[in-house]
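Got your viewer open? Let's take a walk through this model together, one selection at a time.

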Amino acid sequence: MTINEKQDELIADFSMMEEWMDKYEYIIQLGKELPLIAEQYKTDDNLIKGCQSRVWLHTELKDGKLFFTGDSDAVITKGLISLMISVLSGHTPKDIAASDIYFIDAIGLRSHLSPTRSNGLLSMLKQMKLYAVAYMAKMES
Amino acid sequence: MDNVSTLAAPALDVARIRKDFPLLQQATVYGLPLVYFDNGATTQKPQVVLDTLEQYYTGYNSNVHRGVHHLSQKATDAYEEARKTAAAYINAQYSHEVIFTKGTTDSINLVASSFGRTFLQAGDVVLISAMEHHSNIVPWQMICEEKGAELKVIPINERGELLMDEFSRLLNERVKIVAVTYVSNTMGTVNPVKDIITQAHARNIPVLLDAAQAIQHITIDVQDLQPDFLAFSGHKIYGPTGIGVLYGKEAWLNKMPPYQGGGDMIKTVTFAKTIYNELPYKFEAGTPDVSGAIGLAAALNYLQQVGLEKIQQYEEQLIEYALQALQQVPGIRFIGQAAHRSGAISFLVDDIHPYDLGELLDKQGIAVRTGHHCTEPLMDLFKIPGTVRASLSFYNTFEEVDKLVAAVNRAAAMLR
């Protein structure tokens, strides 16, 4: 599935839930299912700044594709990490860096999340793209 | 505190009170009626405050203290009348003991800077408590650093109460000022400030009270309580944002140099020497927040009309009810369980992150605050990332408390 196909799938999933509490239920479920980051990667280096809760993100390159794992001390945040990972993980650094992430707005997450959480989500996206660009640079050199 | 049996008869007709607050009538969030439990952060404004602001700007907006014209005189009269209202509200001996500031933070910075520059020397001690808001920590840290003085902290017990034995032990001739909060913004603890002031005064040490979370809940008589300084914010007592009060005893204020320089605070200016104005103008450089002061006075008059005693009684009933109702939530623990409390209730449920809980309360129409509440040292002490804080006002209802409890239960069930 391409990045955009995955985004469209998420938008469709969320559109089926009318109540925001249901959407949160879904996000929380994703958060609980998020594959945990290996303990050794929960370092200050992997902490993303700009979140009220603590967020760790770890990247690994396998066969030219980037894989993300993450964790947070807040379960809604974990759900959001899970959403981002499901969209971006397993793609080439080039595709990730060039991706247009529209599902956050389309789902209405940006306007419904508290501003600090929404900023945190954008910090997370920025960080993931930054990793992708860094890997691109390394692969080219 | 009142017991449950008195709950059958609320001390206030809240349905009528709520009609005075347009936002409470109109606001919905996500299509639900707003339940506003973030009063510790800021309070909603009664119509009379909004009308007063509008009348000022449509009727007599003008600069104060310097115009020869009619409007300026009218604005000056209203501004000075507001000072008298604020002074009367806390029963200050003189109205010039009331300095209008931007808020509690500004008031404390004024004292820390001006008092500190004059009376603090290397080796001196400023005594604060472990439950202070950052605004009653950082200004003192700054002046202590500048002067080579030391900041010492009165510790608290696990219920969030000051250890008064430790306080007595910490009082010595090195302490030049005690700066403590009257009511904890995070835990709602009401501190034994009368005892603190008595003990400090026995050693001729002045006391500053941070009354930001007290003034809207507790009747304060500064001539009875005898603080040397008292700070509060207008917006937390149903007045406008941007206005606050510093009360200071005349004797202290006269001994302190101006905080900021500018217009209004001078008598004469030459390039060689400036003669400062007298109190209170010495501490009010520049054009003051005229509308804010008049709006604050309107809020204070409104509270007097409702009746401070009734407000206090009702809020005690409400907080007791809220504590008992929340107690039924499985896995809840209260951060701060002081015997004497007011305003705020902080809690956590199981190991659920307060941020998650707060967000799901918001989605159910309930406004609370989550986080460290600008008391990071206190959070470190309890080894928690933050709390969920519900802070109550006299316009909140028992039904709203029930909604809060139901929403906490629903959110916790989802997050567990």
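The tour below starts with the smaller topics of setup and then moves from whole chains to a single strand.

**Before you click**

What you see is a predicted model, in which local features need pLDDT of at least 70 and side-chain atom pairs count only at pLDDT 80 or more, while totals for chains, interfaces and linings use all residues. Residues are numbered from 1 along each chain as its sequence is written, and chains are lettered from A and ligands numbered from 1 in the order in which they are written.

**Stop 1: select chain A**

Colour chain A by secondary structure and you should find 7 helices and 2 strands. (Helices are DSSP runs of H or I with at least four residues, strands are runs of E with at least two, and both are numbered from the N terminus.) Follow chain A from its N terminus and the elements go α-α-β-β-α-α-α-α-α.

Turn chain A around: its C-alpha trace spans about 50 × 30 × 25 Å along the principal axes. A compact globule of 141 residues would have a radius of gyration near 14 Å, and the 15 Å of chain A agrees with that. (The radius of gyration is taken over C-alpha atoms, and the globule rule is 2.2 Å times the number of residues to the power 0.38.)

How many of the 141 residues of chain A count as buried? The share is 35%. (Buried means that 20 or more other C-beta atoms lie within 10 Å of the residue's own; 12 or fewer makes it exposed, anything in between partly exposed, and the C-beta atoms are placed from the backbone.)

**Stop 2: where chain A touches chain B**

Now show both chains. The contact between them takes 13 residues from chain A and 12 residues from chain B. (Two residues are in contact if their C-beta atoms, placed from the backbone, lie within 7 Å.) On the chain A side, select α2 (20–33) and α3 (75–88), the elements that give two or more residues. Of the elements of chain A, α2(A) gives the most to this side, with 5 residues.

Colour that side of chain A by class and you get 7 nonpolar, 3 polar and 3 charged residues. (Nonpolar covers Ala, Val, Leu, Ile, Met, Phe, Trp, Tyr, Cys and Pro; charged covers Asp, Glu, Lys and Arg; the others, Gly among them, are polar.)

**Stop 3: select chain B**

Chain B has 15 helices and 17 strands. Its radius of gyration is 22 Å, close to the 22 Å that the globule rule gives for 416 residues, so chain B is as compact as a globular protein of that length. The C-alpha trace of chain B spans about 70 × 55 × 35 Å along its principal axes, and 48% of the 416 residues count as buried.

**Stop 4: two domains in chain B**

Give residues 4–33 + 307–415 of chain B one colour for domain 1, and residues 50–304 another for domain 2. (These bounds come from an automatic or database domain assignment.) The C-alpha centres of the two domains lie 28 Å apart. Where they touch, the contact takes 23 residues from domain 1 and 22 residues from domain 2.

Which elements of domain 1 give two or more residues to that contact? Select α12, β14, α14 (376–382) and β17 of chain B. Helix α12(B) gives the most on the domain 1 side, with 4 residues.

**Stop 5: a four-stranded sheet**

Stay in chain B and pick out 4 strands that form an open, antiparallel sheet in the order β13-β14-β17-β16. The edge strands, β13 (332–334) and β16 (369–371), each pair on one side only. (Strands pair if DSSP finds at least two bridges between them.)

Next add helix α12 (residues 308–327), which lies across β13, β14 and β17, running at about 5° to β14(B). (Axes are lines fitted to C-alpha atoms, for helices over the stretch in contact, and angles run from 0 to 180 degrees between N-to-C directions.)

**Last stop: β17 of chain B**

Zoom in on β17(B), residues 387–391, which 4 bridges join to β14(B), residues 344–349. Look for B:Ala344, whose bridge partner is B:Ser391, and B:Ser346, which stands opposite B:Arg389. With β16(B), β17(B) pairs over 3 bridges; there, B:Gly371 has B:Thr387 as its bridge partner.

Is β17(B) enclosed or open? Here 5 of the 5 residues are buried, so β17(B) is largely enclosed by the rest of the structure. Both faces are covered, with B:Thr387, B:Arg389 and B:Ser391 on one side and B:Val388 and B:Ala390 on the other.
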